[in-house]
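Hi everyone, thanks for making the time. I'd like to walk you through a structure that's probably new to most of you, so have a look at it first.

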Amino acid sequence: MSAILLSKGPVVTPSAIQKNGPHYLRHVSKKQFMNAATKLHQMNLGILVNLTSAVFVKKTPAEAKLMEEHYKDLCTMDQYIDRYFQPLPRIISSYLREKLVAMGLMEKMLY
């Protein structure tokens with residue numbers, strides 16, 4: 001679950017972790033991603049959406065701060081904020097970005 005919270009940008013896909021995640025996490029399967037993303041969704045730390053693939057949209061840092069008790073063992077608030085505002089990996093397609101903006105799940109300025 002920490003791999004998702006510590007991924008760059010507000011949007012995470014299994015392929016983004018496999019391509020851009022730390023080397024020790026690049027072997028994460030789609031099933032493992034779905035299990036972790038589902039748990040984070042149940043903890044109200046983001047939204048799990050199925051578009052062209054599974055997509056996890058993180059809560060904004062302000063929203064996540066309210067849930068800090070739930071994820072304090074996974075990452076710090078400073079780490080979360082730092083990663084949230086990093087540019088999205090190129091593997092997150094422009095189609096996916098535009099779709100999430102149109103759905104109101106992501107702000108255009110974040111990419």
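**Starting from the sheet**

Okay, let's start with one pair: Val11 has Val57 in S3 as its bridge partner. Before going on, some ground rules: this is a predicted model, where local features need pLDDT of at least 70 and side-chain atom pairs count only at pLDDT 80 or more, while totals for chains, interfaces and linings use all residues. Residues are numbered from 1 along each chain as its sequence is written, and side-chain values use heavy atoms, with hydrogens and water left out. When I say helix or strand, I mean a DSSP run, numbered from the N terminus: H or I with at least four residues for a helix, E with at least two for a strand.

So, the sheet. It's an open one, with three strands in the order S1-S3-S2 and antiparallel pairing. S1 and S2 are at the edges with a single partner strand each, so one side of each has no neighbour in the sheet. Pairing here needs at least two bridges between two strands, as found by DSSP.

How many bridges join S1 and S3? There are two, in the antiparallel sense. We've met Val11 with Val57, and Val12 stands opposite Phe56 in S3. On the other pairing, S2 and S3 share five bridges, antiparallel again. Over there, Ile47 faces Val57, and Leu48 faces Phe56. S2 and S3 also make a hairpin, with three residues between them.

Now, is S3 mostly covered or mostly open? Mostly covered: five of its five residues are buried. By buried I mean under 20% relative accessible area, with exposed being over 50% and partly exposed in between, using a 1.4 Å probe and protein chains only. In a regular strand, side chains alternate between the two faces of the sheet. In S3, both faces are covered, with Ala54, Phe56 and Lys58 buried on one side and Val55 and Val57 buried on the other.

What lies across these strands? Helix H3, residues 30–42, lies across S1, S2 and S3, and runs at about 135° to S2. That angle is taken between N-to-C directions on a scale from 0 to 180 degrees, with axes being lines fitted to C-alpha atoms, for helices over the stretch in contact.

**A few residues to click on**

Try Thr13 first. You'll find Thr13 in the loop between strand S1 (11–12) and helix H2 (14–20). Thr13 counts as buried because its relative accessibility is 3%. Leaving out residues up to four places away in sequence, Thr13 touches Phe33, Ser53, Ala54, Val55, Ile92 and Leu96. A contact means heavy atoms within 4.5 Å.

Next, Met1, in the segment before helix H1 (2–5). Met1 is partly exposed, at 33% relative accessible area. Apart from neighbours within four places in sequence, Met1 contacts Ala36, Lys39, Leu40, Met43 and Leu74. The C-alpha atoms of Met1 and Asn35 are 8.7 Å apart, and those two residues are separated by 34 residues along the chain.

Asn44 sits in the loop between H3 and S2. Most residues other than glycine have a negative phi. Asn44 has a positive one, near 65°, and is partly exposed at 35% relative accessibility.

**And finally, the pocket**

How much space is in the largest pocket? About 170 Å³. Of the 14 residues lining this pocket, Val57, Lys58, Thr60, Glu63 and Leu105 are the closest to its centre. Strands S2 (46–50) and S3 (54–58) are the elements that give two or more residues to the lining.

For the definition, we take a 1 Å grid over the protein atoms alone: a pocket is an open set of points where a 1.4 Å probe fits, with protein on both sides within 12 Å along at least five of seven lines, and lining residues have an atom within 4 Å of a point. Grid points are joined across faces, edges and corners, and the volume is the space filled by probe spheres set on the points.

That's my tour, so over to you for questions.
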